[in-house]
Amino acid sequence: MGKILSILFLLVLVGAGVGAYFFTRDMTPPEAALTPDRAATGSKREFTLTARDASGVKAVKISVLQAQKETVIVNKTFEPAQREVVEKFTLEQAGLREGQFDLNMVVTDKSVFNFGAGNTTRISKTMALDNRAPVINVLSQAHIIKQGGACGVVYQVNKDVERSGVIVGDMFFPGYKLDTGNYACIFAFPWNMDPARFQPRLYAEDSAGNERSITFRYQAKATKFKHDSINVGDDFLQSKMPQFETIYPDIKDPAQLYIKVNRDLRKENVAKLVELSKNTSPKMLWDGGPFLRLPNAAPRAAFGDGRTYMYKNQRIDEETHLGVDLASLENAQVPAAQSGKVIFTGFFGIYGNAVVIDHGWGLQTIYSHLSQISAKVGDDVKKGEIIGNTGATGLAAGDHLHFGIILGGIEIQPIEWWDPHWIKDNITSKFQ
Ligand SMILES: [Zn+2]
């Protein structure tokens, strides 16, 4: 019995020794990082200090120093120590005056190294307190915009901005700096937005995090979109559905597969356009002139056409046609509507084989249902350069080009961009 006890005692001793070794061997000071990390800040901006340590964060102290006066903002000890501490704070209670100050952060870990004092990380940032919100001055005159269409606005901001642009509902259309130092923004009146809710506002945020948003004069016009009915026949399903069988292998019934593609795959494709829109150039890549329309082509369907889909006299779906259908000869050559960079080529769901070209400033074009694609992702294309041939891939009933113009990820009325007068009056003349 005595022998067993002494072995147990020995084991406890060894365990304590190993524990003490691991406990004391943390000689690494905590990792600590401040976000956002900027040279200027307003007092309302929320900062986050994130601190991590293997033996645990024991204490965090955050203070400001201005004119030899120190003010403590956060002073916390953690019992037990935390692997990770995320401390959010503002400078609102710090009593700072406009101008320079130091933000000091001290993070201590639980290590018994340093005779129990632990390891310490100190971060010190010299910043300027700036609580002056940017002032926005609208320079362009008329802002006439149709539901589904677009409009340009040019404005001035009295200081450097982190971002600026136009807010429409929950969408944000960024503005871009012109050579003149002014900013230009092309914004949309989304086709599906209730005209009563369309109240665009100009917005700017400076590098200190101060924000301003203002209203500006505009004239918005509601659009009465057409509505028609489309009969989905069995022949159509037999020829079109096989290309989607691998996407939804569980759906065997062609009509059910059609509903799935027309409804859910369409939503995914719309989301993908939003994703692609983030890949836009901050430089205008087009020449400011009109966009090319497929030559010698007859219009088949317009932008914003509401559609009720019928199958065997049953209403199976409701969608909106976003783009313009243009029919020419079979396999007609498709020119790039404007200069830009190719950002997508390949199978694009309901659009079939498609090409997406970025023209900069959030403006992009899509060419759908192609039989052949001759452009590659990354190509810089010139206006008129051939990027593929028309076809009937995706949800196309016959050979045609489905052409779409996208702004900030949403489809807008292409007709406006084919009209040199519209472009000049509503977009480019404002930039000068
Ligand atoms: Zn179409």
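Q: Two strands pair if DSSP finds at least two bridges between them; what makes strand 10 and strand 14 such a pair?
A: Strand 10 (residues 161-168) and strand 14 (residues 201-206) are joined by six bridges, which satisfies the requirement of at least two, and the two strands run antiparallel. Within this pair, Gly 165 faces Tyr 203 of strand 14. The model is predicted, so that local features need pLDDT of at least 70 and side-chain atom pairs count only at pLDDT 80 or more, whereas totals for chains, interfaces and linings use all residues. Residue numbers start from 1 along each chain as its sequence is written.

Q: What makes strand 11 and strand 15 edge strands?
A: The strands belong to an open sheet of four with the order 11-10-14-15 and antiparallel pairing. Strand 11 (171-174) and strand 15 (211-215) each pair on one side only, which places them at the edges. The strands themselves are DSSP runs of E with at least two residues, just as helices are runs of H or I with at least four, numbered from the N terminus.

Q: Which strands stand at the edges of the sheet with the order 22-28-26, and what makes them edges?
A: This open sheet has three strands with antiparallel pairing, and strand 22 (333-335) and strand 26 (372-373) each pair on one side only. Strand 26 and the antiparallel strand 28 (residues 386-389) are joined by two bridges, and therefore they count as a pair under the rule of at least two. Ile 373 is placed opposite Gly 388 of strand 28.

Q: What joins strand 3 to strand 1, strand 4 and strand 5?
A: Strand 3 (residues 47-66) runs antiparallel to strand 1 (residues 31-35), with five bridges, and Glu 31 lies opposite Arg 52. With strand 4 (residues 69-89), strand 3 pairs in the antiparallel sense over 15 bridges, and with strand 5 (residues 99-109), also antiparallel, over eight. Val 64 has a bridge partner in strand 4, Thr 71, and stands opposite Leu 103 in strand 5.

Q: What lies between strand 3 and strand 4 in their hairpin?
A: Two residues lie between the strands, and Ala 67 in this turn has a positive phi of about 50 degrees.

Q: Why does the span of helix 3 agree with what its number of residues predicts?
A: The expected span is 1.5 Å times one less than the number of residues, so the 24 residues of helix 3 (residues 254-277) should cover 34 Å, and the 32 Å between its end C-alpha atoms agrees with this. There is nevertheless a kink of about 30 degrees centred on Val 261, the bend being the angle between axes fitted to the seven residues ending at a residue and the seven starting there.

Q: Which residues of helix 3 are called buried, and what do they pack against?
A: Leu 257, Tyr 258, Val 261, Asn 262, Leu 265 and Leu 273 are buried, meaning that 20 or more other C-beta atoms, placed from the backbone, lie within 10 Å of their own (12 or fewer would be exposed, and anything in between partly exposed). The buried residues of helix 3 pack against helix 2 (234-240), strand 19 (305-311), strand 20 (314-321) and strand 29 (401-407).

Q: How many residues of domain 2 and domain 3 are in contact?
A: An automatic or database assignment sets the bounds, giving domain 1 (27-129), domain 2 (136-221) and domain 3 (227-412). Contact requires C-beta atoms, placed from the backbone, within 7 Å, and 11 residues of domain 2 are in contact with 10 of domain 3. On the side of domain 2 that touches domain 3, strand 11 and strand 13 (183-188) give two or more residues, and strand 11 contributes the largest share, three residues.

How values were computed:
Contact = placed C-beta atoms within 7 Å.
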